[in-house]
Amino acid sequence: MAETHVSVLGEEYDPLRLQDDPYAFYARARREDPVFHSPALGAWVVTRFQDVQRVLADPDTFSLAAVLRSLEELTPQAKAEIEASIPPLPADAGNPGDEARLRARKPIQQAFTQARVDALRPHLEEQVAALVEEFAAGGPGDLQSRFARRLPIRGKARVLGLAAQDVDAVVEGSYSLTVLMSASASLGPDEQVANARRVAAYQRLLDQYAQQRRAEPRDDLFSAVVRAVAEEEGPLTAQERRTVVESLAGLIGAGQSTTTAMVSTAVWHLLNHRDQWELLCARPELASRAVEEVARYDMPLQGLFRQVTRPVELGGKSLATGDRLMVLYASANRDEAAYKDPDTLDITREPQRHFAFGHGPRACVGSQLARALLQSTLRHLTARLPGLRLDGTDALEFLPGMHRIVRRLRVTW
């Protein structure tokens, strides 16, 4: 680790305190010290568009190895619950390595190309319309739990090959994984264990699917990932089972947490900017631009950790091998050097590159599916419930943590 001089910004940076509105601090950081070291995170914080772009474009130098570190901070009992849900490796198995994970990534990328998503659109429209109708029929309430949390898996179930009776278990398990990764520090031991048990049940379910698809392959993503990971004939090895489970859990979890959160974030901001909501009601063809603009304006996942693999200069700072970075996508998306009036929400804005779905070789593979689901959601909600509004001054609640992931969004009409 490099010796770090902690700046004034580093001393002041408190992600938990800033959760309600971090953007004024981000703007100050971009002006005064765009790459600063945070003792609170034990990491360098990267805030400018150009530096974030550089990091994301170079995963060899800025590795994703630090992303799952939050799970290492769980209580021993919570970690044991999760670890026991995936088949244990023999003592001499070694590390499965990146090769199998890279093989698993290929069919995942192929499953969510623009052409594949376009072919799915009629099905996605049906799913969104049904969920919106269910929500409207249930009356005013929490959009997050009754609609947003259910949307990504409903949209993705056909591609994955999930049976209808397993959708709710996948929704709850992947949501609990999001809670543990983003808010574990704020949970008591019992809450950690309760969430870990839901994650464990979810991972056991994924393992059952992996083994079933090995025995009886189908035309679905589970089968494709199993074929890619297991190149030899016969039952899956413990390593192969773990790789399939981790690959699918990563795919489902990433799409579940971000898309779920982006639905509620988008609705919240549009209702808070009533002129933008009413403009979208009048001009539903703006749904595509609205998705890009709200994603740029306030992305729920404020950033992700990366780890430096070799000595490198970034933003005028010397970083050493092993240093961690918090790459603040949300700050980069409001960078005055990249956008005109970045603090203004304008759904007529010409779409520009942003980092809500990442960038570079490890960008979100499900971004086109997420966009399609979000666009359809905004069109159906504005058509079915044009009078939608926030229900009270405390309608919004975030999950505790540095990210702005909505836990509750009460709406009425």
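## A predicted protein chain, from its surface to its cores

The protein chain exposes about 17,800 Å², of which carbon and sulfur atoms supply 50%; accessible areas of this kind come from the Shrake-Rupley method with a 1.4 Å probe, and for residues only the protein chains shown count as cover. The model is predicted, so that local features need pLDDT of at least 70 and side-chain atom pairs count only at pLDDT 80 or more, while totals for chains, interfaces and linings use all residues. Residues are numbered from 1 along each chain as its sequence is written, and side-chain values use heavy atoms, with hydrogens and water left out.

### The chain as a whole

Along its principal axes, the C-alpha trace of the protein chain spans about 60 × 60 × 40 Å. A compact globule of 413 residues would have a radius of gyration near 22 Å, and the 21 Å of the protein chain agrees with this; the radius is taken over C-alpha atoms, and the globule rule is 2.2 Å times the number of residues to the power 0.38. The secondary structure comes to 16 helices and 11 strands, where helices (H or I, at least four residues) and strands (E, at least two) are DSSP runs, numbered from the N terminus.

Of the 413 residues, 54% count as buried, a word that here means under 20% relative accessible area, whereas exposed means over 50% and partly exposed lies in between (1.4 Å probe, protein chains only). Among contacts between residues at least 6 apart in sequence, 72% join residues at least 24 apart, contact being defined as heavy atoms within 4.5 Å. The mean positions of the 50 positive and 55 negative charges are 3 Å apart; Lys and Arg count as positive and Asp and Glu as negative, while His and the chain ends are not counted, and the place of a charge is taken as NZ of Lys, CZ of Arg, CG of Asp or CD of Glu.

### The nonpolar cores

In soluble globular proteins, nonpolar side chains tend to be buried together. A nonpolar core is a set of buried Ala, Val, Leu, Ile, Met, Phe, Trp, Tyr and Cys residues joined through side-chain atoms within 4.5 Å. The largest one in this chain has 113 residues, and those with the most contacts inside it are Tyr-13, Phe-147, Leu-221 and Leu-325. Helix α12 (residues 238–272) gives the most to this core, with 13 residues. A second, separate core of 14 residues includes Tyr-175, Leu-180, Leu-187 and Val-193.

When residues up to four places away in sequence are not counted, Phe-147 touches Val-128, Leu-131, Val-132, Phe-135, Val-263 and Thr-377.

### Some residues in their places

The table sets out four buried residues.

| Residue | Relative accessible area | Place |
|---|---|---|
| Leu-124 | 2% | helix α6 (residues 114–137) |
| Thr-259 | 4% | helix α12 |
| Pro-34 | 12% | loop between α2 (23–32) and β1 (35–38) |
| Arg-149 | 13% | loop between α7 (143–148) and α8 (151–160) |

Leaving aside neighbours within four places in sequence, Leu-124 is in contact with Gly-155, Leu-369, Ala-372, Leu-373 and Ser-376, and on the same basis Thr-259 is in contact with Pro-152, Ala-370, Leu-373 and Leu-374. Leu-373 is therefore a partner named for Leu-124 and also for Thr-259. Arg-149, with neighbours within four places again left aside, is in contact with Gln-144, Val-171, Glu-172, Tyr-175, Gln-256, Thr-260 and Arg-407; among these, Tyr-175 is also one of the residues of the second core.

The C-alpha atoms of Pro-34 and Lys-317 are separated by 9.7 Å, although the two residues are 283 residues apart along the chain. Beyond its neighbours within four places in sequence, Pro-34 is in contact with Ala-29, Val-45, Val-46, Thr-47 and Arg-48. Gln-53, found in helix α3 (residues 49–57), is in contact with Arg-353, Phe-355 and His-359 when neighbours within four places are left aside.

Helix α14 (residues 287–297) is mostly covered, since nine of its 11 residues are buried, including Ala-290, Val-291, Val-294 and Tyr-297.

### An unusual backbone angle

Most residues other than glycine have a negative phi. Asp-341, however, has a positive phi of about 50 degrees although it is not a glycine. Asp-341 has its place in the loop between α15 (329–332) and α16 (367–384), and at 48% relative accessibility it counts as partly exposed.
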